[in-house]
Amino acid sequence: MKKLIPQSLKNIYHLAQAVLANFMYGWPARSATHSVAGGPSKSIKVIGVTGTDGKTTTVQMITRILEEAGHKVAMASTINYRINGREWKNLSHFTTLSSFAVQKFILDAVKERCEYLVLETSSHSLDQFRVWGVPYQTAVITNVTREHLDYHTTMERYRQAKSKLFRKAKIAIVNADMEKPEDFLRFNNEQQIVYTCHPERSGAESKDLIRVDSSVASRGETSLGMTKFIKAENIKLGINKSDFIVDNQKFTLNLIGDFNIENALAAISVGVSEKIELATCARALEKITNVPGRMEYVANERGLNILVDFALTPHALEELYTLLAKIKKPAAKVIAVFGSCGERDRGKRPIMGEIVSRHADLVIVTNDEPYREDPRQIINEIVAGIKNKKENESLFIIPDRREAIRKALQLAQIDDIVAVTGMGEFESMIVGTQKIPWNDRKVILEELQKLQ
């Protein structure tokens, strides 16, 4: 019966809920003001981060930069919440909570006299009006790749949902390396910042991302306002860190992969928009040693390179395994443990299988969060895309996720890379209607202990 109700009708209900939530909590982001360093009263500045991949890491980076600059910051992300230094986990499995929870969080941030709110914002929350009434000053997008087509049905509708974040934002920050960045640069923003890791590939400064009036092109302005370009140059990717330069300022990340450089550039762009010096941004980013469940290294005494990552889209898996192929030692193997979440876009499952089988030496397909779907059916749909792998030799189908992780650790030799993806830092797994305690990193450590 639930599926027979059109989403457009459901969204009327969600909008009514959002209006009620704003009234109930007194429109906290709009009405609250505070005095900063003896200066004039200011409203809390809301920075929204959307995208398919990289949202959570980008939110953490933005928060650190703002805090390094001396600001009081509130943050809400898929993995955690933070208000003025106090932090707790997000156990809901949702990126953006209900409109009531969002408004209450904003009110709590205002009570703590936070100057900024960094809010990870999902396409679902934008489409369902869960963030209606939130006055976003800055909109940031990391990328748009295949995901959530079970809900949005087409990539075009998915992109349209995310573009809602940019319609009223004063500042738009867009990844030039993503597909169709111009879709998010067509609004009347006061300022637009375009960032890129690959200016030679994206043509960030020459590509017709925005209509530029010839009379102001030489000054870097557009008919919509001022456009800035943030470029990473002299990129050096290591096995445990990444270096790059922005406008003569060196940056060092204790996070690997050019996708994390993209995330860092998005955060740096926010810093630039808030007139924070690049040196301050560099100090803040270098202090980040890991983001839970995002390329998280699991220390061990067996000489294995064990990683836990949230990658659950074809794009994220492609980027992850391309990176692992670059950084692994020549004789080392890449062992993949992964599945796919239930009640989500089924079409991506064989694509995920093909990508992982193309890059990994050994593939172990297992259970993710099936919700009310048949776990075996999900696995079969993944396996349908796997190429050039022989079952029980280079392909193992192990529905029990703990057993799958145990098998990977048993197969692994010194210097091999074991990548466990899909659930990241989650503390539970939803099977049917039950929420079962689960954490990939904890299970890996438990299984390592048994193998000693």
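**Exercise 1.** In which sense do strand S17 and strand S21 pair, and over how many bridges?

*Solution.* The structure is a predicted model: local features need pLDDT of at least 70, side-chain atom pairs count only at pLDDT 80 or more, and totals for chains, interfaces and linings use all residues. Residues are numbered from 1 along each chain as its sequence is written, and side-chain values use heavy atoms, with hydrogens and water left out.

Step 1. Locate the strands: S17 covers residues 305–309 and S21 covers residues 417–421. Strands (E, at least two residues) and helices (H or I, at least four) are DSSP runs numbered from the N terminus.

Step 2. Apply the pairing criterion, which is at least two DSSP bridges between two strands. S17 and S21 have five bridges and pair in the parallel sense. Leu307 stands opposite Ala419 in S21.

**Exercise 2.** Place this pair in its sheet and find the helix H12 that packs on the sheet.

*Solution.* Step 1. The open sheet has six strands in the order S16-S17-S21-S18-S19-S20, with mixed pairing. Strand S16 (296–298) and strand S20 (395–397) are the edge strands, each pairing on one side only. From one strand to the next, the twist averages 20°.

Step 2. Helix H12 (residues 348–359) touches strand S18 (334–338) and strand S19 (362–365), where contact means heavy atoms within 4.5 Å. The direction of H12 makes about 160° with that of S18. Axes are lines fitted to C-alpha atoms, for helices over the stretch in contact, and angles run from 0 to 180 degrees between N-to-C directions.

**Exercise 3.** Is strand S9 mostly covered or uncovered, and which residues point each way from S9?

*Solution.* Step 1. Five of the five residues of S9 (residues 171–175) are buried, meaning under 20% relative accessible area (exposed is over 50%, partly exposed in between; 1.4 Å probe, protein chains only).

Step 2. In a regular strand the side chains alternate between the two faces of the sheet. Ile171, Ile173 and Asn175 point one way from S9, and Ala172 and Val174 the other way.

Step 3. Strand S8 (residues 136–141) runs parallel to S9 and is joined to S9 by four bridges; Val140 stands opposite Ile173. S9 also pairs with strand S10 (residues 191–196), in the parallel sense over five bridges, and here Ala172 stands opposite Gln192.

**Exercise 4.** Is Ile12 buried or exposed?

*Solution.* Step 1. Ile12 is found in helix H1 (residues 7–25).

Step 2. The relative accessible area of Ile12 is 55%, so Ile12 is exposed.
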